[in-house]
Amino acid sequence: METRSPTDRTRVRRLPDRGAYDRETIFAILDTGFVCHVGIVESGSPVVIPTAYARVGDDIVLHGSSKSRLMTVLGGGAPACVTVTHVDGFVMARSAFHHSINYRSVVIFGRGEAITEERAKNEALHAFMERLHPGRWDAVRPPNPQELKATAVVRIPIEEASAKLRTGGPLDDPEDMTLDVWAGVVPVVLAREAPIRHVPEHA
Ligand SMILES: Cc1cc2nc3c(=O)[nH]c(=O)nc-3n(C[C@H](O)[C@H](O)[C@H](O)COP(=O)(O)OP(=O)(O)OC[C@H]3O[C@@H](n4cnc5c(N)ncnc54)[C@H](O)[C@@H]3O)c2cc1C
């Protein structure tokens, strides 16, 4: 496993034992998700936008309308902060204070860069679809030149990044251990359910 040192911005200060900086941990968290939150500052005002992403090698790639503010700002090289979060469980303690959440999350600091070359753009869009449904790209009509033009793709390098993970049960105070109250973890999962076929009205 490659060890990476945190930077001044990525060093986890609050509960540092939960922090990790190696690519293996960070990539595993990123590869489990498909929605991130991207923070940018525009005209002096911070804004955080949720959007889909995929990891392509050492980059996070995002896509959107060529007219989108987020894509325009990031494509112009703006600094951004991207987060990805998975909730794994609700941690029920014996006191209100010690309730918690089990999670895996990543924070990435980096600058956006527009991907304009057609092959690289297609590769990024392919990665998106593979993330949602493996094999789907080969089954559907590929984007035509107009659609490609209407779609902006940006990359953000996963260089300055941290992961933070909480696992396990509640950390109750010793004097609370004998309280007559249920304590433990309620696991939380995000699940795919049975697909619902779309039938055209005049089929
Ligand atoms: C689902 C979920 C629920 C949470 N709920 C709470 C809550 O209710 N209250 C609360 O105080 N905290 C909560 N946290 C933890 C929270 O994300 C922060 O870690 C914590 O609040 C400390 O923030 P800070 O800015 O003081 O951290 P610092 O340790 O000062 O942050 C320094 C650097 O550490 C890294 N870092 C910090 N947090 C994370 C993270 N979560 N993932 C990856 N890198 C990180 C970043 O690079 C950051 O710039 C929750 C986390 C998750 C994922």
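These are my notebook entries on backbone angles, cysteines and the largest pocket in this structure, which is a predicted model.

**Entry 1: backbone angles**

I began with the backbone, keeping in mind that most residues other than glycine have a negative phi. I therefore looked up residues that depart from this general pattern, and I noted two of them, Leu15 and Ser43.

Leu15 is not a glycine, and yet its phi is positive, at about 55 degrees. When I looked up where Leu15 sits, I found it in the segment before β1, the strand that covers 19–20. I then asked myself how exposed Leu15 is. Its relative accessible area is 34%, so I wrote it down as partly exposed.

Ser43 also has a positive phi, in this case near 50 degrees, and Ser43 too is a residue other than glycine. I located Ser43 in the loop that runs between β2 (35–42) and β3 (45–52). Its relative accessibility is 75%, and I therefore recorded Ser43 as exposed.

**Entry 2: cysteines**

Next I asked how many disulfides a search of the whole structure finds. The answer is zero, and I wanted to see why, taking the cysteines in turn.

For Cys36, the closest cysteine sulfur is the one in Cys81, and it lies 10 Å away, which is too far for a bond. The cut-off I needed for this step is that the two sulfur atoms of a disulfide must be within 2.5 Å. Starting from Cys81 leads back to Cys36, because the sulfur of Cys36 is the closest cysteine sulfur to that of Cys81, again at 10 Å and too far for a bond.

I also looked up whether each of these side chains belongs to a buried or an exposed residue. Cys36 is buried, with a relative accessible area of 0%, whereas Cys81 is partly exposed, with a value of 24%.

**Entry 3: the largest pocket**

Finally I turned to empty space, since rolling a probe the size of a water molecule over the atoms shows where such space is left. The largest pocket has a volume of about 450 Å³. Its lining is made up of 19 residues, and those closest to the centre of the pocket are Thr32, Gly33, Phe34, His86 and Leu190.

Which element gives the largest share of this lining? I found that it is β6, with six residues. β6 covers 79–92, and β2 and α3 (118–132) join it as elements that each supply at least two lining residues.

Sorting the lining by class, I noted nine nonpolar residues, six polar ones and four charged ones.

Notes
Residues numbered from 1 in each chain as written. Predicted model: local features only at pLDDT ≥ 70, side-chain atom pairs only at ≥ 80, totals over all residues. Heavy atoms only, no water. Helix = DSSP H or I, 4+ residues; strand = E, 2+ residues; numbered from the N terminus. Buried < 20%, exposed > 50% of the residue type's maximum accessible area, 1.4 Å probe, protein only. 1 Å grid on protein atoms, 1.4 Å probe; cavity = no way out; pocket = protein on both sides within 12 Å on 5 of 7 lines; lining within 4 Å. Points joined across faces, edges and corners; volume = space filled by probe spheres on them. Nonpolar A, V, L, I, M, F, W, Y, C, P; charged D, E, K, R; others polar.
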